[in-house]
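Biologist: Please take a close look at one enclosed or half-enclosed region of this model, and follow its surroundings outwards from there. Give the cut-off for each term as you go.

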Amino acid sequence: MNALRNLLEKMEPTFKEGRLKAFWSFFEAMETFAFVPKTVTARGSHVRDSVDLKRTMTTVMVALLPAILFGIYNIGYQTSAAYAYDWGFWKMVWFGFLKILPMYIVSYVVGLFFECMFAQIRGEEVNEGYFVTGLIIPLIMPVNVPLWVLALAVAFAVIVGKEVFGGTGMNIWNPALIARAFLFFSYPKVMSGDAVWVAHKAGVDAISGATPLSEVAAGNLDHYSVADMFFGFIPGSIGETSTLAILIGAFVLIYTGVGSWKVMLSCVAGGLLVGLLGDVPCWHQLIMGGFAFGCVFMATDPVTGCQTECGKWVYGFLIGAFAVCLRIFNPGYPEGMMLAILLMNTFAPLIDHIVVGRNIKKRLKRAQTV
C-alpha cells in the first residue's frame, strides 16, 4: 500500500496543476477510494466525527453483500431448475456471477463517468454516494435487461435524478429508484408483466418466470411456499428475493446506526395494516416482491427521507401502506414499493415541515403558560 501511496503522490501535481488538470476530479476520486482523504478544515469550529460519508457508504455496501451473494446463486438456481439441469452449487454461482458482472460494469462505468464529469465541471470532489447507488441499481433490475437499456437508465438516474439538483445530498428522489422508474415507464416490456426475470437460453441468457406477486395478481394464491419466499428460492429482481439476506443487511444497518429502525418498523406496520384488506395473509406482503428490500435499503435513504424523528414514523408507515395498497387495488401493477417510495420522497419535506411547525407551536404555547 505504501508503494501505491507514493505513486499517487508523485502523480498528484500532474493532475492538480499540470497538463492533466482537466482530469483532476477523476484522479481525486480514485485516490480517496483507496485512501482516507488528506484534506482537513482550515478555520472555524466544526463537529468532528470518525464516521464520514465514505464509512457510511462502506457500511451500506457491506449490508448489501448477503443480498448480492444470494442473488448471484439464485440466478443459477432458477435457471437450473427451469431447465432441469443437474448443476452443482458452484456451477449455479458461476452462472449467476457471469450474468451479474456485466451489469455492474455498465452501472459503474456509466454512473461514475457522469459523476466525475459533473464534479470536474463544478470544480468539486467526487462524492462516494454513487458507489452505493451503483451497487443497488443492478439488484432491482431484471437479470436479462439489455445492457444498453441499463446504461440509459443509469445515465438518466445520475443526470436527471441527481446532478440537476446539485449532486450528492441535494437530490429529492432516490437515484436507484429513478433508474428503475425510467425503465418502467420507458421500456415497460422489460420491467413489467407476468414474465419477470430469471433467464432465456441457459448458458447464454437467463429465463423468465412468474414472480409471487404476479401469481397472486392472477389469483394463484399458493403457488410458492412461505419458506421459498422467505429464503428467496423464487423468481424476481436479483437482490429482492431473499428476505433472510435482506434482514441480515437490516441488522447491520441498525446496529451501526446507518439505517433508521423507525422507518423500517413503521414501514412494516403500514404494510401489515393495509395487507389485512388483501386475499393473502397480510404478512405475506412483507416477503413478496421488493417490499423488504425497499423497506431496508431504499426507504431509509437519509437524503430523500424525513429528517425529524416523528416524521420518520409517518414517512415509513405511509410507504408501507401505499405499497400494499397499490398491490391490492391495482392488479395491472403487482408491485408497489417503487412508486410508494418515490411518492413519499416527494412529500418528505412537507412531513418534516409539519412536524417542525407543530413542535414550534407546542413550545410557544408552553412558554406562554409559564
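Modeller: The second largest pocket holds about 410 Å³ of space. The model is a predicted one, in which local features need pLDDT of at least 70 and side-chain atom pairs count only at pLDDT 80 or more, while totals for chains, interfaces and linings use all residues. Residues are numbered from 1 along each chain as its sequence is written, and side-chain values use heavy atoms, with hydrogens and water left out.

A pocket here is an open set of points on a 1 Å grid over the protein atoms alone, with protein on both sides within 12 Å along at least five of seven lines; a cavity is a set where a 1.4 Å probe fits but cannot get out, and lining residues have an atom within 4 Å of a point. Points are joined across faces, edges and corners, and the volume is the space filled by probe spheres set on them.

The lining of the second largest pocket consists of 24 residues, and Met57, Val132, Asp301, Pro302 and Val303 are those nearest its centre. Helix H3 (53–82), helix H5 (129–136), H7 and helix H13 (291–298) are the elements that give two or more residues to this lining. Helices are DSSP runs of H or I with at least four residues, strands are runs of E with at least two, and both are numbered from the N terminus. The chain has 15 helices and 1 strand in total.

H7 and H13 also appear at a closed space: together with H15, they each supply at least two residues of the lining of the second largest cavity. That cavity has a volume of about 80 Å³, and it belongs to a count of 4 cavities of 30 Å³ or more. Its lining includes Leu177, Arg180, Glu240, Phe293, Met298, Met338 and Ile341.

Two of these lining residues, Arg180 and Glu240, form a salt bridge with 3.1 Å between the closest N and O atoms. Arg180 lies in helix H7 and Glu240 in the loop between helix H10 (226–231) and helix H11 (243–256), so the pair ties together parts that are 60 residues apart in sequence. A salt bridge requires a side-chain nitrogen of Lys or Arg within 4 Å of a carboxyl oxygen of Asp or Glu. Both partners are buried: Arg180 has 6% relative accessibility, and Glu240 has a relative accessible area of 9%. Buried means under 20% relative accessible area, exposed means over 50%, and partly exposed is in between, with a 1.4 Å probe and protein chains only. By that rule, 49% of the 370 residues of the chain count as buried.

Leu177 is another residue of the cavity lining, and its C-alpha is 7.3 Å from that of Leu342, although the two are 165 residues apart in sequence. Leu342 lies in helix H15 (residues 337–369) and is buried at 11% relative accessible area. Beyond its neighbours within four places in sequence, Leu342 is in contact (heavy atoms within 4.5 Å) with Trp173, Asn174, Leu177, Ile178 and Ala181. Across the chain, 70% of the contacts with a separation of 6 or more are between residues 24 or more positions apart.

The whole structure has 4 salt bridges. In one of them, the side chains of Lys162 and Glu115 meet at 2.6 Å, N to O. This pair links distant parts of the chain, with Lys162 in the loop between helix H6 (147–159) and helix H7 (175–186), and Glu115 in helix H4, 47 residues apart. Both Lys162 and Glu115 are buried.

A further salt bridge joins Lys312 and Glu309, whose closest N and O atoms are 3.3 Å apart. These two are separated by about one helical turn because they are 3 residues apart in helix H14 (residues 309–329). Lys312 is buried at a relative accessible area of 17%, whereas Glu309 is partly exposed at 41%. Salt bridges with shared partners join Lys262, Glu309 and Lys312 into one network.

One backbone point concerns the loop between H3 and H4, where Ala84 is placed. Ala84 is a residue other than glycine with a positive phi, near 55 degrees, and it counts as exposed at 69% relative accessibility.
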